[in-house]
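Subject: Structure handover

Hi,

Here is the structure I promised to send over. Please open it next to this email; my notes follow below.

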Amino acid sequence: MALIGDRWTMLVVRELFSGPKRFKDLSSGLAGIPPKVLSDRLKRLEGEGLLKRVIYSRHPLRAEYHLTKRGQSLGPVLDAISSWGRSQTGRPKT
């Protein structure tokens, strides 16, 4: 949980499962995330080896974010959380 337990982190990873994304694409796909928080999460995930920043233009600087194999290994975890969430829909709170 230390790697992915922060607010927004799992959602950033989820967005990258559909393919490489630019900062702008991630920001628009995650309505409400402040740019500073998104930048922080991307740097942290890159530092942990879960994603890779790939620069595709130097002038102006443009980059895409890709999940690494380590990041892709979170797929079953996201699937399990999603499945659990779907199974809880409509259940009374206890």
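Arg41 touches Asp6, Arg7, Trp8, Thr9 and Val12, leaving aside residues up to four places away in sequence. Keep in mind that this is a predicted model. Arg41 sits in helix α3, which covers residues 35-47. Is Arg41 buried or exposed? Its relative accessibility is 12%, so Arg41 counts as buried, the cut-off being under 20%. Ile4 is also worth locating on your screen: Arg41 and Ile4 are 37 residues apart in sequence, yet their C-alpha atoms are 9.3 Å apart in space.

Two of the residues that Arg41 touches, Thr9 and Val12, are also among the buried residues of helix α1. That helix is mostly covered, with six of its eight residues buried. The six are Thr9, Met10, Val12, Val13, Glu15 and Leu16. What covers them? The cover includes three helices, α2 (23-29), α3 and α5, together with the strands β1 (21-22), β2 (51-58) and β3 (61-67).

Now take α1 and α5 as a pair. Helix α1 spans residues 9-16 and helix α5 spans residues 75-88. They pack at an angle of about 110 degrees, and their axes are 11 Å apart. That angle makes α1 roughly perpendicular to α5, because 65 to 115 degrees counts as such. The crossing of α1 past α5 is left-handed. Which residues make the contact? From α1 they are Met10, Val13 and Arg14; from α5 they are Val77, Leu78 and Ile81. By type, five residues of this contact are nonpolar, one is charged and none is polar. Met10 and Val13 of this contact are also on the buried list for α1.

Last, the chain as a whole:

- The protein chain has five helices and three strands.
- Along the sequence, the order is α-β-α-α-β-β-α-α.
- The C-alpha trace spans about 55 × 25 × 25 Å along its principal axes.
- Of the 94 residues, 30% are buried.
- Among contacts with a separation of 6 or more, 45% are between residues 24 or more positions apart.
- The chain exposes about 6,600 Å², and carbon and sulfur atoms supply 55% of that area.

If you look at one place to begin with, pick Arg41 and the residues it touches, including Asp6 and Trp8. Then move along to α1 and its contact with α5 through Met10, Val13 and Arg14.

Best wishes

Methods: Residues are numbered from 1 along each chain as its sequence is written. This is a predicted model: local features need pLDDT of at least 70, side-chain atom pairs count only at pLDDT 80 or more; totals for chains, interfaces and linings use all residues. Side-chain values use heavy atoms; hydrogens and water are left out. Axes are lines fitted to C-alpha atoms, for helices over the stretch in contact, and angles run from 0 to 180 degrees between N-to-C directions. Helices (H or I, at least four residues) and strands (E, at least two) are DSSP runs, numbered from the N terminus. Angles under 35 degrees count as roughly parallel, over 145 as roughly antiparallel, 65 to 115 as roughly perpendicular and the rest as oblique. A crossing is left-handed if the near helix is turned anticlockwise from the far one by less than a right angle, and right-handed if clockwise. Contact means heavy atoms within 4.5 Å. Ala, Val, Leu, Ile, Met, Phe, Trp, Tyr, Cys and Pro count as nonpolar, Asp, Glu, Lys and Arg as charged, and the others, Gly among them, as polar. Buried means under 20% relative accessible area, exposed over 50%, partly exposed in between (1.4 Å probe, protein chains only). Accessible areas come from the Shrake-Rupley method with a 1.4 Å probe; for residues, only the protein chains shown count as cover.
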